[in-house]
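Work through these exercises with the sequence and the model side by side. Try each task before you read its solution.

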Amino acid sequence: MASAAAPEPKANMGAPAPRVDGRLKVTGEARYPADTALDNPAFAVLVTSRIAKGRITQLDLDAARAVPGVLDILTHENTGELNSLKFQSAGSATSIQGLGPEIFHDGQIIALVVADTLEAAQEAAFKVQATYAEETPSATFGSPGLTDEDATKVSPVHKHVPHVGDADAALAGADVTIDVDYETPTQHHNPIELFSTTCLWRDGRLTIFEPSQFVYGLRNGVAQRLGIDREKVRVVSHYVGGAFGSKGGMTPRSALIALAARRLNRPVKLVVSRHQGFTTATYRAETRHHIRLGARRDGKLVGYTHEGWEVSSRPDPYVVAGVEDSARLYAYGAVNTKVNLVHADRNTPGFMRSPPVVPYIYAIESAMDELAWKLGMDPIELRRVNDTMTDPIDGKPYSSRSLMTCYDEAARAFGWSRRELRPGSMRDGDWLIGWGCATALYPTHIATATARVRLMANGTVRVQTAAHEIGNGAYTVIGQAAAEALGVPLAGVTVELGDTELPPAPVAGGSRTTASTCSAVMKACDAIRDKLFRAAVAANDGPLAGRNVADLSLAQGRVTAASGGSESIEDTFRRLGSGAIEEYAEFVPKGVKPGSVAALYAGTSAATGGGEGEKTMYAMGAELVEVRVHALTREIRVPRIVGAFAAGHLMNARTTRSQLMGGMIWGISSALHEATEIDRERARYVNTNLADYRVPVNADVAEVEVILVPEEDRDVNPAGVKGLGELANVGTAAAVANAVYHATGTRVRALPIRIEKLLA
Ligand code: MOS
C-alpha cells in the first residue's frame, strides 16, 4: 500500500507527477515480499541438478540430515502429493513436474532443504549427494540431438501464420532482393530483486509473499499444485523489484515452499541465489532468422519472407513467433512466414521484455537497412515509401499509426539530414562515425480488469485493485486516473495493489497494466460521480436542485453546473446521508470472450489487441543512433541515441519518459553487451552472476533523448492509452547494428556486437 505524497497540487492525467512510492523505495520503507517480518521462520535452500539430461539414480541425504538445525529435506521421493502442471501460454508458462528422478535441464530443482538458520540450510544443501545416470544433452543451435517442430502445430498461441499472396513469385520478379540470416542469444532478466517465496499457514489458509506479476494467477497455480481450493490461498506482492516477465508465470519453487511450511507448521522463506535464478526461472531464448526482402528500384517492397527458429525446452512448446508483429510493420506486398520450435535440454524459456518483437524486429529492421543500402536509399526514406495505414496482413485500418511522424521528429532532433549515405565516410580523428535507425513497435494489449474505488466526503479516495507495481509506476498512474476522474488532488488518493484480497487485475505483462487497470478505475469513478450528481440534482433545495446530471462536473472538491452554481461534495454527501460512496467496476474490453471476469478471478487473464480486433493496434517509435568505432581497436561507443515514440494518451510524462529511456538503454545492452554464455558440452550456463553477465554501466550510456509524439486514439480503450513499457527496447539493437555498419562497412548479423566481431 502506498500513500500518495506528491507535491503537485493538480493531478490531471498526463501530469509529470513524481512517483508516489519513490520516497518509500529510496528510504527502504517499501516492503518487498522477502522483507516480510515473520514469527520464527525457517529458511530454505534449493539443491539443483548438476547434469542437464538423465536420471537421478540415488539420493544420499545422511550427511545433509546430520547438519545441526536441519528440519526437513524435500525430494522427489516425498513430494508426490504435489500435482504437476501443464504448460500454459499464460499463468504458468512452464510445465511443472516433480523434482526428479528425470532431469530435463541443468540446474533443475532436485531437493529443498529447510533449517532453523540460512547457514545450516546452505551447508546441508551442499551435502546432499545425488548420483545420476547421465546422458549427452543438446544445448542449443548446432548441437546434435535437437528436435524441430512447426510452431503452429504445437503452440497454444501461434496458430495463424501471417501469409499474403505468393512471396516466392514476388521475390523472383523484384528489381532488388536480399537474402540474409540473423542470430540473437540467450538473455536472462536479472532483476535486482532476487526470486523469493515465503509461505505462512494459519487455520488451513495459506499466505504466499512472493514478487509476482500476476497474484491471482500465482494463487490459482499454487492451489492446483497443492490440490486445495484457491479461496484458501492469498498472495501478497506489494512491490516487485524488477521482473521484466520473469515473475509473470509460476515456477516450481512456490508450491514447494508452501508444502514445506505445511509439513513443518512453521513459516518458510526461500530467497533463490542469483546463480540458481538462471535455471529455476525463465529467460529469453536464442533465435535464428532467415529473411528475404524484394523491392522495386524506387524502394517499394514487393515481397517478404521470414522464417524463425526458437529454442525451447524438451517438454514445453514455448514460442514467441514475432512474425505476427514484424509482418505488420510495412506494406510488404506478398508475405510468407514460418516459425520453428527447436527442443533442447534446457529450462523452459519465457516472456522477457517485449518477447516477440525484440528478436524479430531486430532481424527485419537489420534486413531493411541492408535493402536500403543495396538500393542506395536513405533508410528512413525506405521506411516512408513503405509506410501504410492499412494492416498489410488483414487489410484492416490501424486504430492510429504515427510512425513517420516519429521518424520526422527524431530525424530533426538528431540532425539526420547531415548523414552521408556511404558507410565509412564519416570520421572524427581515429573514430569512425556511423548513424543508424530502426523502427520500434509493440502491440497494444487491453485486458479485462476490475477495481473498487471509494470517495469520502472529505475528498479522499481509496483505490483497490490487484495490479502490480513492478517499477512501472502503477501506484502513481492508477492514483492519477482516480484523482482526475474524481477531481481531487493526487495526494488525497491511496492506492492498494498486489494482493489477492483486492479485486483482480490482469497480469502485469504485455504492457497492459495502465490501459486495462485505469479503464476499470475510471469506470468505478464514473459510477461514483453518477451517484453524487444524482444526489445533488435530486435535492429539494440547494444550488443544484433540479439540474440535469449531464450539466454537472466534479473538480476541486465541488460539484459544478456548466450553467452556473455549485456545491461542495461535503454538502452532496450530507444529502446522501452517507460519508462515502464505494463502487466496484468490471472493465471488459470489446472483443474479449464472455466469462473473462470469472476467469480473471480464477487466475486467467484474458486480453485482446495487436492484430486481433476490428482495427489493428500498435504503439510505434523511431530510434536513431550514433556509434563511434575506433579505427584501430574497434572499441564501440554509443555517444547518443534519440527515440521518438507515439503511444496514444500518456498518463504521466515523467514515468513515460523513464520507461522509454530505460527501454533504449536495455536496447543498447542487447546490441553490444548482453548474452548468457552456454557450455555446449554440458548445456550449462556459464556467466550466472552480475559480474560476468554483461550489462551497460553509466560509462556505456551517454545522451539518451526521448521525444513524446502526441497521438490520439479513440479505439484502443476508454483511456486512449497504448502500453509503452515494452516499446523502446524494440528496434534499438537493429539501430545500433545499422549504425555500426554505417561506421565500418561491416555487417554483424549475430548479437551482441562485440569488438572481436569487428576485428575479423
Ligand atoms: Mo512482459 S515480458 O510482457 O512481463
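**Exercise 1. Find the contacts of V686 outside its neighbours within four places in sequence, then place V686 in the chain.**

Step 1. Leaving aside neighbours within four places in sequence, V686 is in contact (heavy atoms within 4.5 Å) with E677, I678 and D679.
Step 2. V686 sits in the loop between β32 (684-685) and β33 (703-708). Helices (H or I, at least four residues) and strands (E, at least two) are DSSP runs, numbered from the N terminus.
Step 3. Now look at H275. V686 and H275 are 411 residues apart along the chain, and their C-alpha atoms are separated by 9.5 Å.

Two notes apply throughout. The model is predicted: local features need pLDDT of at least 70, side-chain atom pairs count only at pLDDT 80 or more, and totals for chains, interfaces and linings use all residues. Residues are numbered from 1 along each chain as its sequence is written, and side-chain values use heavy atoms, with hydrogens and water left out.

**Exercise 2. Describe the second largest pocket.**

Step 1. Take the volume. The second largest pocket holds about 360 Å³ of space. On a 1 Å grid over the protein atoms alone, a pocket is an open set of points with protein on both sides within 12 Å along at least five of seven lines; a cavity is a set where a 1.4 Å probe fits but cannot get out. Grid points are joined across faces, edges and corners, and a volume is the space filled by probe spheres set on the points.
Step 2. List the lining, meaning residues with an atom within 4 Å of a point. There are 19 lining residues, and P185, A675, T676, E677 and L751 lie nearest the centre of the pocket.
Step 3. Trace the elements. β10 (176-184) and α19 (755-759) each supply at least two lining residues.
Step 4. Sort by class. The lining of this pocket has seven nonpolar, four polar and eight charged residues. Here Ala, Val, Leu, Ile, Met, Phe, Trp, Tyr, Cys and Pro count as nonpolar, Asp, Glu, Lys and Arg as charged, and the others, Gly among them, as polar.

**Exercise 3. Count the cavities and describe the largest.**

Step 1. Search the whole structure. Nine cavities of 30 Å³ or more turn up.
Step 2. Pick the largest. Its volume is about 280 Å³.
Step 3. Find the lining. Of the 21 residues that line the largest cavity, T94, S95, H105, Q108 and P252 are the closest to its centre.
Step 4. Sort them. Six are nonpolar, 13 polar and two charged.

**Exercise 4. Compare how two helix pairs pack: α13 with α14, and α6 with α7.**

Step 1. Start with α13 (residues 474-486) and α14 (residues 513-538). They pack at about 30°, with axes 9 Å apart. Axes are lines fitted to C-alpha atoms, for helices over the stretch in contact, and angles run from 0 to 180 degrees between N-to-C directions.
Step 2. Name the arrangement. The angle makes α13 roughly parallel to α14. Angles under 35 degrees count as roughly parallel, over 145 as roughly antiparallel, 65 to 115 as roughly perpendicular and the rest as oblique.
Step 3. Give the hand. α13 passes α14 in a right-handed crossing. A crossing is right-handed if the near helix is turned clockwise from the far one by less than a right angle, and left-handed if anticlockwise.
Step 4. Check the contact. Among the residues that meet are V477, I478 and A481 in α13, and T517, C518 and V521 in α14. The whole contact has 12 nonpolar, three polar and one charged residues.
Step 5. Turn to α6 (residues 215-226) and α7 (residues 253-264). Their angle is about 60°, and their axes lie 9 Å apart. These helices are therefore oblique to each other. The crossing of α6 past α7 is right-handed.
Step 6. List the partners. L218, V222, R225 and L226 of α6 touch S254, A255, A258, L259 and R262 of α7. Six of these residues are nonpolar, one polar and two charged.

**Exercise 5. Locate two cis peptide bonds and a positive phi.**

Step 1. Recall the background. Most residues other than glycine have a negative phi, and most peptide bonds are trans.
Step 2. Go to P101, in the loop between β4 (70-75) and β5 (102-103). The bond from G100 to P101 is cis, with omega near 5°.
Step 3. Go to P752, in the loop between α18 and α19. The bond from L751 to P752 is cis, with omega near -10°.
Step 4. Finish at N40, in the loop between α1 (22-26) and β2 (42-48). N40 is not a glycine, yet its phi is positive, about 55°.
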